[in-house]
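Here are my notes on the model you sent over. I've put them as numbered points so you can follow along with the structure open.

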Amino acid sequence: ADLVTESAAPAAGKAVTVALHIAPKAGWHIYWSNPGESGYAPTVAWTMPAGWQAGPLRHPVPSSLVAGGLVSYVHEGDTVLLQDIAIPAGATGMVPVKADVDLLICNAGTCVPDPVTLDATITLGNGQPDPAQARVFAQARTALPAPLPGKASYLADAKGLSEIGRAH
């Protein structure tokens with residue numbers, strides 16, 4: 001696993017997107033944000049200065065895996081998870097951050113907890129995107145689930161869930 005920032009010099013008072021690149025060996029997988037009936041989703045515990053705030057971890061669209069009658073949602077092969085980090089106004093200099101990533105790596109026969117710690121130093125600056133990372137972030141954003149168009153209303157009652165309206 002490795003960690004890169006979208007900007008080589010993120011700006012104070014803005015958010016910077018970070019990419020957590022996970023590359024399990026062939027035949028192994030990690031779990032999606034909703035792992036399904038087995039496994040658990042990756043989590044990231046950040047060590048950052050006061051006032052810095054990490055947003056939700058965003059996953060690409062998963063594939064489904066059926067094993068032993070259980071359905072799970074997984075990422076196989078190289079996977080890039082995205083997360084925004086809000087940097088407070090007034091932050092300056094070079095700021096060390098640490099990501100403690102809790103991963104569960106599985107193959108057809110076994111699962112192994114695989115915690116990893118990733119360290120980075122964020123040098124604050126003008127916030128311009130790093131051209132060297134543009135492709136990584138563009139591909140990762142393209143792989144994210146897209147919201148469905150329009151809005152719908154549902155009613156939950158003793159009979160179950162039913163759609164009561166839809167607007168496009």
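1. Let's begin with a cysteine. Cys106 has a relative accessibility of 1%, so it counts as buried, the cut-off for that label being under 20%. Keep in mind throughout that this is a predicted model.

2. What is Cys106 joined to? Its partner is Cys111, and the two sulfurs sit 2.0 Å apart. In general terms, a disulfide is a covalent bond between the sulfur atoms of two cysteines. The structure holds one disulfide, so there is no second one to look for, given that a pair has to lie within 2.5 Å to count.

3. Is Cys111 buried or partly exposed? Cys111 comes out at 41% relative accessibility and therefore counts as partly exposed, while Cys106 at the other end of the bond is buried. As for handedness, the torsion about the S-S bond of Cys106 and Cys111 is about 115 degrees, which makes the disulfide right-handed.

4. Now the largest pocket. The space in it comes to about 190 Å³. It has 15 lining residues, and those closest to the centre are His29, Leu65, Ala67, Asn107 and Ala108. By class, the lining is made up of seven nonpolar residues, seven polar ones and one charged one.

5. Which strands supply the lining of that pocket? At least two residues each come from β3 (29-36), β6 (63-67) and β7 (70-76). The biggest contribution is from β7, which gives three residues.

6. Those strands are also paired with one another. β3 and β7 run antiparallel and are joined by four bridges, with Tyr31 having Val74 of β7 as its bridge partner. β6 also pairs with β7 in the antiparallel sense, here over five bridges, and Val66 stands opposite Val71 in β7. If you want the background, strands of a sheet pair through backbone hydrogen bonds, either parallel or antiparallel.

7. Have a look at the turn as well. β6 and β7 make a hairpin with two residues between the strands, and Gly68 takes a positive phi there, near 60 degrees.

8. Next, the enclosed space. How many cavities of 30 Å³ or more are there? The count is one, and the space in the largest cavity is about 50 Å³. Its lining has 13 residues, with Leu3, Leu20, Val44, Trp46 and Gln83 lying nearest the centre.

9. What is the chemical character of that lining? Around the largest cavity, 12 residues are nonpolar, one is polar and none is charged. For the largest pocket, by contrast, the lining includes seven polar residues and one charged residue. The strands that each give at least two residues to the cavity lining are β2 (15-22), β4, β8 (79-86) and β9.

10. Two of those cavity strands, β4 and β9, turn up again in an open sheet. Three strands form it in the order β4-β9-β12, with antiparallel pairing. β4 (43-47) and β12 (116-123) are at the edges with a single partner strand each, so one side of each has no neighbour in the sheet. On average, neighbouring strands of this sheet are turned by 25 degrees against each other, direction ignored.

11. Last, a closer look at one pairing in that sheet. β4 and β9 (residues 94-102) run antiparallel and are joined by five bridges. To find your place along them, use Thr43, which stands opposite Asp102 in β9.

Terms used. Residues are numbered from 1 along each chain as its sequence is written. This is a predicted model: local features need pLDDT of at least 70, side-chain atom pairs count only at pLDDT 80 or more; totals for chains, interfaces and linings use all residues. Side-chain values use heavy atoms; hydrogens and water are left out. Two strands pair if DSSP finds at least two bridges between them. Axes are lines fitted to C-alpha atoms, for helices over the stretch in contact, and angles run from 0 to 180 degrees between N-to-C directions. On a 1 Å grid over the protein atoms alone, a cavity is a set of points where a 1.4 Å probe fits but cannot get out, and a pocket is an open set with protein on both sides within 12 Å along at least five of seven lines; lining residues have an atom within 4 Å of a point. Grid points are joined across faces, edges and corners, and a volume is the space filled by probe spheres set on the points. Ala, Val, Leu, Ile, Met, Phe, Trp, Tyr, Cys and Pro count as nonpolar, Asp, Glu, Lys and Arg as charged, and the others, Gly among them, as polar. Buried means under 20% relative accessible area, exposed over 50%, partly exposed in between (1.4 Å probe, protein chains only).
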